[in-house]
Amino acid sequence: MSGCSKRCKHGIVKFAQTIFKLITGTLSKDKIEDELEMTTVCHRPEGLEQLEAQTNFTKRELQVLYRGFKNECPSGVVNEETFKQIYAQFFPHGDASMYAHYLFNAFDTAQNGSVKFEDFVMALSILLRGTVHEKLRWTFNLYDINKDGYINKEEMMDIVKAIYDMMGKYTYPVLKEDAPRQHVEVFFQKMDKNKDGVVTLDEFIESCQEDDNIMRSLQLFENVM
């Protein structure tokens, strides 16, 4: 492994830890100021003020996230393999590769095989601090694997199975093999309002908001991110 690759991998782990602190609310003011003291000679992201206006993060939080994302990994972009490395570390008892693949595709809005800091932080803002409607719209995009504006039963099955695989037998030791399919059958029956075999964005949002069980089950990013 080259020096750049080692440094990048180190940065990936630090960045993942920073995200975890944001999620758990333990990214304290003192910690942010400590990090900022260490970044006085680091590069700054272009359009930081614009990102602050477009996201739900403060300028200091954006600076810390930027340091972990770009300064530790000079290429300034994250690829699918990076996502797989992060999730493999967080879920060692399962196979997180397919979930990481689908998640990366949802972050990769340009579908060019890489995610820039700006793209990542915009999505992260929605997932961690967005409104219910914003989170549901983003989750719909995750499930819409082929990006045709609809979710079919196969797409939902692929995502749900990937989540079960990631959590692993350690988490679900007595889980039946057909549990993911049963899960999807119940969800899809409720969501496909007009019974045409696909779920639209409007159907998805309406179904989720009127069913507390679906809402709890779809809060993926508070559970697995």
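Helix α6 is mostly tucked away, with 8 of its 11 residues buried. Those residues are Y99, A100, Y102, L103, F104, N105, A106 and F107. Everything described here comes from a predicted model, so the values below are computed from predicted coordinates.

Y99 is a handy place to start, since it sits in helix α6. With a relative accessibility of 0%, Y99 falls under the 20% cut-off and so counts as buried. Y99 also has a partner far along the chain: V160 is 61 residues away in sequence, yet the two C-alpha atoms are 8.9 Å apart in space.

How do α5 and α6 pack against each other? The angle between them is about 135°, and their axes are 9 Å apart. An angle of about 135° lies outside the ranges for roughly parallel, roughly perpendicular and roughly antiparallel, so α5 and α6 count as oblique to each other. As for handedness, the crossing of α5 and α6 is right-handed.

Helix α5 covers residues 80-90 and carries a salt bridge of its own. Here E80 pairs with K84, and the closest N and O atoms are 3.3 Å apart. The two residues are 4 apart in the helix, which means that about one helical turn separates them. Neither end of this pair is buried: E80 is partly exposed, having a relative accessible area of 22%, and K84 is partly exposed as well, at 27%.

The E80 and K84 pair belongs to a set of 6 salt bridges in the structure. Another of them joins E49 to K59, with 3.5 Å between the closest N and O atoms. This one links distant parts of the chain, as E49 belongs to helix α3 (residues 48-54) and K59 to helix α4 (residues 59-71), 10 residues apart. Is E49 buried or exposed? At 52% relative accessibility, E49 is over the 50% cut-off and therefore counts as exposed. K59, on the other hand, is partly exposed, with a relative accessible area of 34%.

A further salt bridge brings together K153 and E185, whose closest N and O atoms are 3.2 Å apart. K153 lies in helix α9 (residues 153-171), while E185 lies in helix α10 (residues 179-191), so the pair ties together parts of the chain that are 32 residues apart in sequence. Both partners are partly exposed: K153 has a relative accessibility of 28%, and the relative accessible area of E185 is 34%.

Next comes helix α8, made up of the 12 residues 132-143. How far apart should the ends of this helix be, at 1.5 Å a residue? The expected span is 1.5 Å times one less than the number of residues, so α8 should span 16 Å, and its end C-alpha atoms are indeed 16 Å apart, which agrees. Several residues of α8 are hidden from the surface, with L136, W138, T139, F140, L142 and Y143 buried.

The loops that follow α6 and α8 each hold a residue with an eye-catching backbone angle. Most residues other than glycine have a negative phi. Q111 goes the other way, with a positive phi near 55° in a residue that is not glycine. Q111 lies in the loop between α6 and β2 (115-116), and at 47% relative accessibility it counts as partly exposed. K147 likewise has a positive phi, of about 55°, although it is not a glycine. The place of K147 is the loop between α8 and β3 (151-152), where K147 is partly exposed with a relative accessible area of 30%.

The UniProt record offers another way to divide up the chain. In an unreviewed entry, UniProt lists residues 95-130, 131-166 and 179-214 under "domain: EF-hand". What do the spans 95-130 and 131-166 look like in the model? Residues 95-130 are 67% helix and 6% strand, and their end C-alpha atoms lie 29 Å apart. For residues 131-166, the chain is 72% helix and 6% strand, with 27 Å between the end C-alpha atoms.

Conventions:
Residues are numbered from 1 along each chain as its sequence is written. This is a predicted model: local features need pLDDT of at least 70, side-chain atom pairs count only at pLDDT 80 or more; totals for chains, interfaces and linings use all residues. Side-chain values use heavy atoms; hydrogens and water are left out. Buried means under 20% relative accessible area, exposed over 50%, partly exposed in between (1.4 Å probe, protein chains only). A salt bridge is a side-chain nitrogen of Lys or Arg within 4 Å of a carboxyl oxygen of Asp or Glu. UniProt positions are given in the numbering used here, feature names are shortened, and annotations may be inferred rather than shown by experiment. Axes are lines fitted to C-alpha atoms, for helices over the stretch in contact, and angles run from 0 to 180 degrees between N-to-C directions. Angles under 35 degrees count as roughly parallel, over 145 as roughly antiparallel, 65 to 115 as roughly perpendicular and the rest as oblique. A crossing is left-handed if the near helix is turned anticlockwise from the far one by less than a right angle, and right-handed if clockwise.
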